[in-house]
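Colleague: Could you take me through one part of this model in detail? I would like to start from a single loop residue and its backbone, and then see what surrounds the topic.

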Amino acid sequence: MLDFIGDVHGHADHLEALLRKLGYRIKSGAYYHPGRKAVFLGDLIDRGPKQVETVNIARSMVDAGNALAILGNHEYNGVAWMTEDPDVPGGFLREHTESNRRQHRVFLDQVGEGSKLHMEMVDWFKSLPVYIDDTQFRAVHACWHAEHIKILDTYLDSNKVLPEGCWVPASREGTELYDAIENVLKGLEVSLPEGISYLDADGNPRTKTRTRWWLEDAKTYRDALLVPKAIQDRIPALPLPEYAKLRYDQDKVLAFGHYWFRGSPEVINEHMVCLDYSIGKGEPTSILCAYRWDGEKKLNSENLVYIGGDIQ
């Protein structure tokens, strides 16, 4: 059976504490459980104090057959940061702007930008599937968008990995592959109503924002938009555009991360669970969360297992 683990963001001590709480122990250099596997939902890197250690823990488990891992937007961005743009001499698929560097700086500093270790980790990130669609469960980093999943399937290889030749079109705004990657790894976004904007956590102005696409009965901007509390009251109750109204088919249980949930962990509903509870913020109230799945078709909050930011 499986243990889905949310965004770790370089907090290796919390990851090890969570794995031990779940019953994993070191065997032959990797965490192991006699009857279970971990599934890492992406965003192993950036923000936290132990970037290299975090990747090594997950990678050693995957290599030993003790875990699965999927691509998060931070790993995706990490690959694009180091991939040269064939159409821009001296440029890269992810521009080396100060804003982009600031988001990625902790990882670059700890791994040693351009080092052999850095390139090895980038190569490993490239090997991760964009999503998992198993016979009984699904796992994706940010958004199960059925239309974009179908588009991705025309590009991905048989292991759901983005082939080498697809990284350039995936980084070209306006292509169908770019749109699909953006939605699946970074979340469905809509434009804010006219006259409304805000600064994100990195101080960048935003006129578009992610939606709470998992709220299947959301019909208005106010219901659906994922915005800071300070501007929630400014969001009008106007009808959402049709493209922003997603409906998950509920055929299989779905685990995802990405959304910086806060508070006491609980499943979203019987078929969906988000496991990102903001450990990346590094605060005492932050949580690293897992869902212990034993094949049940209906998810239950009692199966959530987590470690607090103060590692208790």
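Modeller: Happy to! Let's start with Q250, which is partly exposed because its relative accessible area is 45%, a value between the 20% and 50% cut-offs. Please keep in mind that this is a predicted model. Q250 sits in the loop that runs between helix 10 (229–232) and strand 12 (253–256). Its backbone deserves your attention: phi of Q250 is positive, about 65°, although the residue is not a glycine. Most residues other than glycine have a negative phi.

S28 makes a good companion to Q250. Phi of S28 is near 55°, again a positive value in a residue other than glycine. S28 also belongs to a loop, the one between strand 2 (25–27) and strand 3 (30–32). With a relative accessible area of 78%, S28 is exposed, whereas Q250 is partly exposed.

Now back to strand 12, at one end of the Q250 loop. Strand 12 is part of an open sheet of four strands, ordered 6-7-12-13, with mixed pairing. The edges are taken by strand 6 (131–133) and strand 13 (272–274); each has a single partner strand, so one side of each is left without a neighbour in the sheet. From one strand to the next, the twist averages 15°. At the strand 6 end, strand 6 and strand 7 (residues 137–140) pair in the antiparallel sense over three bridges. For a specific pair to look at, take Y131, whose bridge partner in strand 7 is V140.

There is also an annotation to set beside this. The unreviewed UniProt entry places the feature "domain: Calcineurin-like phosphoesterase" at residues 4–132. In the model, the end C-alpha atoms of residues 4–132 lie 12 Å apart, and the span is 45% helix and 13% strand.

For some helix packing, look at helix 3 (residues 73–82) and helix 4 (residues 98–111), which pack at an angle of about 95° with their axes 11 Å apart. The two helices are therefore roughly perpendicular to each other, since angles from 65 to 115 degrees count that way. Helix 3 brings H74, N77, G78 and W81 to the contact, while helix 4 brings N100, R101, Q103, H104 and L108. Sorted by class, this contact has two nonpolar, six polar and one charged residues.

Conventions
Residues are numbered from 1 along each chain as its sequence is written. This is a predicted model: local features need pLDDT of at least 70, side-chain atom pairs count only at pLDDT 80 or more; totals for chains, interfaces and linings use all residues. Side-chain values use heavy atoms; hydrogens and water are left out. UniProt positions are given in the numbering used here, feature names are shortened, and annotations may be inferred rather than shown by experiment. Two strands pair if DSSP finds at least two bridges between them. Axes are lines fitted to C-alpha atoms, for helices over the stretch in contact, and angles run from 0 to 180 degrees between N-to-C directions. Angles under 35 degrees count as roughly parallel, over 145 as roughly antiparallel, 65 to 115 as roughly perpendicular and the rest as oblique. Contact means heavy atoms within 4.5 Å. Ala, Val, Leu, Ile, Met, Phe, Trp, Tyr, Cys and Pro count as nonpolar, Asp, Glu, Lys and Arg as charged, and the others, Gly among them, as polar. Buried means under 20% relative accessible area, exposed over 50%, partly exposed in between (1.4 Å probe, protein chains only).
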